[in-house]
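Biologist: Show me the model, please. I want to go through its core and its strands.

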Amino acid sequence: MILRPVREADLDLLYDAHTNIRNRGAYFPLGVMSQSAFRGEFAQHGFWQKSEGMLIIQSPQGEIVGHIEFFHPVSYWDAFELSYQLYAEQHAGHGFATEAVQLLVDYLFGTKKEHRIHLVIVVENTASRRIAEKCGFVLEGTVRGAFFNDGRNQDVLLYSLLRTDPRPWHHDADGP
């Protein structure tokens, strides 16, 4: 699996994924940006800035299977939030999102000053909860009614990983 910056040649596929409401489902925000605004953001900064960015998740065969993003969730927190999406059901269960989270966590902790990375996960999203747990994120609690999607306010779970926390994927390569 490869994480890489968005290229201009990716824009049509990314915009199609952005506007495919059925694929986004109950766990990903459903807001849709106009195509001109979407392309304008890419033209302005390539979906990459100092405090936020988007990377393509690419399979070993070169297929774009999804994306992962980081951003500051609250201006006064020393934290990044991650968000990811796979573009088709056939890509689920192959470890793409898990590996993307691990790679981006390593990148952010290696190049940025933020001490905390967190995931905000709808309670019913068992796949993302498994990813958080596999990646060593700690469940901090439930944020009640914080996410409006699928026609209702939903509770979300807040998971965090601090710079000083162990990263399980390093344990395998580097010993205890």
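The questions below deal with the nonpolar core and the strand pairing.

Modeller: This is a predicted model: local features need pLDDT of at least 70, side-chain atom pairs count only at pLDDT 80 or more, and totals for chains, interfaces and linings use all residues. Residues are numbered from 1 along each chain as its sequence is written, and side-chain values use heavy atoms, leaving out hydrogens and water.

Biologist: Which element gives the largest share of the largest nonpolar core?

Modeller: A nonpolar core is a set of buried Ala, Val, Leu, Ile, Met, Phe, Trp, Tyr and Cys residues joined through side-chain atoms within 4.5 Å. Buried means under 20% relative accessible area (1.4 Å probe, protein chains only). The largest core has 28 residues, with Val101, Val105 and Phe137 among those with the most contacts inside it. Its largest share, eight residues, comes from α4.

Biologist: Which residues does Phe137 touch, beyond four places away in sequence?

Modeller: Contact means heavy atoms within 4.5 Å. Phe137 is among the residues with the most contacts inside the core. The residues it touches are Val101, Val105, Ile117, His118, Leu119, Ala132, Tyr159, Ser160 and Leu161.

Biologist: How many residues of β3 are buried?

Modeller: Strands are DSSP runs (E, at least two residues), numbered from the N terminus. β3 spans 64-71. It is mostly covered, and the buried count is six of eight.

Biologist: Which residue in β3 stands opposite Ile56?

Modeller: Two strands pair if DSSP finds at least two bridges between them. β2 and β3 run antiparallel, joined by six bridges. They form a hairpin with five residues between them. Opposite Ile56 stands His67.

Methods. Buried means under 20% relative accessible area, exposed over 50%, partly exposed in between (1.4 Å probe, protein chains only). Helices (H or I, at least four residues) and strands (E, at least two) are DSSP runs, numbered from the N terminus.
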